[in-house]
Amino acid sequence: MESGIIRVLPDHVANKIAAGEVVQRPASVVKELMENAIDAGATQIKLIIKDAGKTLIQVIDNGKGMNPMDARLCFERHATSKILEAEDLFKLSTKGFRGEALASIASVAQVELKTKQSTSETAIQINIEGGKFIAQTECQAPSGTSFTIKNLFFNIPARRQFLKSDQIELKHIIDEVERLAIPHINIHFIVQSNGNELLNLPASNLIGRIKSLVGSYIQKELVPVNEDAGYIKISGYVSLPQHCIKTKKEQYFFVNNRFVKQPFLNHAIYDAFKELVSYQSHPRYFIFLELNPADIDINIHPTKTEVKFTDDKTAYMLLNSAVKRAIAKGAASADLNFESEQIFNTEGIEAKKLVAPTISYNPSYNPFSESRNSQPHHTKTNKEHWEKLFTGFTEQLAVETPVEKEQTALQSIESEARDFSVFQMNKKYIVTTYHQNILIVDQQRAHERIVYEHYLKTSLDNRIASQQLLFAEQLEVSAGDFNLIQQLLPEFKIMGFDLEVFGKNSFVINGIPSDLQEFNIQQTIDFILESYKINTIDAKLERHDNLSRAISKSTSIKYGKVLQEIEMKQLLMALFDCENPLYTANGKSIMMEIENSEIEKFFKK
Ligand code: ADP
Ligand code: MG
């Protein structure tokens with residue numbers, strides 16, 4: 001009989017396969033090692049990384065350490081000190097329980113473990129490479145444990161190639177650290193990256209920890225949530241409605257101190273805000289739910305962060321009402337403080353939101369100049385319609401100073417107004433007619449395109465002038481964002497943002513692009529960074545292009561903005577001054593055309 005094709009995989013191969021599940025990127029290693037340190041009762045955890053963890057990840061803790069026997073065993077698959085029987089899964093108070101993290105990590109990296117229990121004289125050192133035991137020696141080390149992971153995926157080049165840029169991998173790492181640091185406030189966390197200290201979070205109370213992560217300004221924007229409903233105990237903080245922001249930033253749920261993502265819980269919070277803020281505003285939240293472990297089912301898949309409750313509906317309702325109550329209390333105490341802001345006044349909330357800058361319009365544009373011949377065909381055809389539409393006033397634009405130019409352009413537009421009418425529809429579209437057709441232009445997308453091209457055209461010799469602020473503004477950012485802004489500083493400068501490093505995780509803003517008018521700087525920069533990061537993940541964009549897109553997304557006029565007739569006309573003019581007035585940078589349609597023939601056809605019936 002021929003030998004069967006089924007073979008039991010050698011352990012190191014099985015581990016390498018399993019590693020694909022547990023270890024997806026440096027951040028997963030960081031998470032597993034830090035969780036182990038927390039489980040070991042550490043009061044201080046230090047993370048040292050090089051090249052976003054690709055070269056080195058070291059986690060040093062002052063926890064209980066391991067004896068020599070456990071130090072060997074911990075790398076075995078399903079070796080865990082934390083679970084004895086399957087039922088224990090439901091009573092878990094520790095982070096890890098599967099006993100596969102270290103086996104997986106050791107199979108795809110070069111690992112050195114040094115560990116010492118306080119009762120022991122000497123420490124033990126173990127070296128493992130690609131799952132193969134290399135050496136075990138005695139050494140000197142302080143009590144606690146240090147894991148050093150070098151050259152992650154050195155033996156799986158394909159996986160290594162799949163890693164993203166250092167910037168993105170670092171962001172993932174910081175995310176993981178933050179998700180552990182927020183619920184473990186008694187632990188002092190330190191993070192060093194390439195020799196720089198990124199985070200230093202001494203033991204603190206919850207608000208202190210949040211402040212050291214987000215910036216101390218955050219305290220006055222949050223209200224405490226506290227509700228003990230038996231089945232579930234809810235605590236933490238949420239944004240006051242007037243401090244909801246344009247982007248989703250810090251939004252955290254912790255169930256029994258474990259970070260989870262749970263859409264229905266998220267919905268419970270948004271619902272509590274729904275009459276108070278526009279749908280584009282997002283609260284920050286740091287919400288802790290405590291339940292009897294028997295009432296939850298933490299998905300035991302290593303990388304999933306979902307959780308199931310035995311009673312989802314009750315959890316939803318309790319959280320929803322807890323948040324509503326917290327906001328109402330926050331409103332009441334604001335009144336007591338004689339603060340002028342009316343929390344339940346939606347108008348006030350609208351006013352706090354980003355104020356869009358004026359529409360930038362190039363009055364010197366002449367559609368009859370030579371250069372437009374280089375336009376791609378489709379844009380040109382479309383432009384030709386427009387040339388006819390605007391015939392008559394474009395020639396009048398050759399005036400000396402920019403101010404005069406602008407005025408003349410405005411006058412021209414005004415004088416031509418009777419020749420092309422516009423109106424705004426649903427505070428969202430600009431409707432106009434030409435050649436008996438109807439054109440519906442999406443105001444936000446149109447302006448995004450205009451702003452995008454404006455910033456895209458900048459370069460070292462073609463900078464946007466910076467308008468100096470009367471009072472330089474200080475900008476506090478998270479560690480990850482600090483890193484990102486630093487890399488983008490030269491690009492920001494070209495585009496008129498005059499930023500300067502100002503100590504740890506903070507910048508001063510000396511100037512902003514001269515064509516941006518009123519706007520909330522902190523929010524805009526936050527928004528720009530957020531869009532930038534999304535772009536980096538979605539598409540591999542070159543920095544300059546990415547930043548131009550991010551700025552255009554962040555500063556363009558939005559739906560809901562009422563536009564004056566003259567503004568709509570300026571916007572249309574500027575749009576047709578663009579290289580590509582038809583699509584946004586991400587390829588979304590800017591306008592729709594309804595042909596006259598369609599209209600005629602309809603009325604023939
Ligand atoms: P799990 O955490 O699921 O038990 P791991 O593979 O992460 O599995 O760890 C295996 C075992 O190694 C743990 O159960 C624990 O006993 C031990 N261990 C790991 N890291 C540490 C540490 N930093 N300090 C003390 N013991 C540790
Ligand atoms: Mg573990």
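Arg325 is partly exposed in this predicted model, with a relative accessible area of 45%. The side chain of Arg325 is engaged in a salt bridge with Glu227, and the closest N and O atoms of the pair are 2.7 Å apart. Glu227 belongs to strand β9 (residues 222–228) and Arg325 to helix α9 (residues 312–336), so this salt bridge ties together parts that are 98 residues apart in sequence.

The pair has company, as a search of the whole structure finds 20 salt bridges. As a general point, side chains of opposite charge can pair when their charged atoms come close. Another pair is formed by Lys274 and Asp271, whose side chains meet in a salt bridge with an N to O distance of 2.9 Å. Asp271 counts as buried, at 17% relative accessibility, a value that falls under the 20% cut-off for that class.

A further salt bridge is found in helix α13. Here the side chains of Arg449 and Glu453 meet at 2.6 Å, N to O. The two residues are 4 apart in helix α13 (residues 443–456), which means that about one helical turn separates Arg449 from Glu453. Arg449 and Glu453 are both buried. Elsewhere, salt bridges that share partners join Lys249, Asp481, Asp526, Glu530 and Lys533 into one network.

It helps to set these pairs against the chain as a whole. The chain contains 18 helices and 22 strands, and 51% of its 605 residues are buried. Contacts that reach across the sequence are well represented: among those between residues at least 6 apart in sequence, 69% join residues at least 24 apart.

Helix packing comes next. Two packed helices are described by the angle between their axes and the distance between the axes. Helix α6 (residues 166–181) offers two examples, with α14 and with α2 as partners. With helix α14 (residues 479–494), α6 packs at an angle of about 160°, the axes being 9 Å apart. Because angles over 145 degrees count as roughly antiparallel, α6 is roughly antiparallel to α14. The crossing of these two helices is right-handed. On the α6 side the contact is made by Gln167, Leu170 and Ile174, and on the α14 side by Ala479, Gly480, Asn483, Leu484 and Gln487. Sorted by class, the contact of α6 with α14 has 4 nonpolar and 4 polar residues, with no charged residues.

The packing of α6 with helix α2 (residues 26–39) has an angle of about 20° and axes 8 Å apart. Since angles under 35 degrees count as roughly parallel, α2 is roughly parallel to α6. The crossing in which α2 passes α6 is right-handed. From α2, the residues making the contact are Pro26, Ala27, Val30, Lys31, Met34, Glu35 and Ile38, and from α6 they are Glu169, His172, Ile173, Glu176, Val177 and Leu180. The contact of α2 with α6 divides into 8 nonpolar residues, 1 polar residue and 4 charged residues. Charged residues are thus present where α2 meets α6, whereas the contact of α6 with α14 has none.

The loops between strands supply some local detail. Thr305 is found in the loop between β14 (296–298) and β15 (307–309). Leaving aside residues up to four places away in sequence, Thr305 touches Phe259, Val260 and Lys261. For Thr305 and Phe259, the separation is 46 residues in sequence and 6.9 Å in space, C-alpha to C-alpha.

Two asparagines in loops deserve a look at their backbone angles. Asn194 has a phi near 45°, a positive value in a residue other than glycine. This residue sits in the loop between β7 (188–193) and β8 (196–201), and Asn194 counts as partly exposed, at 44% relative accessibility. Phi of Asn256 is likewise positive, near 45°, again in a residue other than glycine. The loop that holds Asn256 runs between β11 (251–255) and β12 (258–260). At 28% relative accessibility, Asn256 counts as partly exposed.

Methods. Residues numbered from 1 in each chain as written. Chains lettered and ligands numbered in written order. Predicted model: local features only at pLDDT ≥ 70, side-chain atom pairs only at ≥ 80, totals over all residues. Heavy atoms only, no water. Salt bridge = Lys/Arg side-chain N within 4 Å of Asp/Glu carboxyl O. Buried < 20%, exposed > 50% of the residue type's maximum accessible area, 1.4 Å probe, protein only. Axes fitted to C-alpha atoms, helices over the stretch in contact; angles between N-to-C directions. Parallel < 35°, antiparallel > 145°, perpendicular 65-115°, else oblique. Left-handed = near helix turned anticlockwise from the far one by under 90°. Contact = heavy atoms within 4.5 Å. Nonpolar A, V, L, I, M, F, W, Y, C, P; charged D, E, K, R; others polar.
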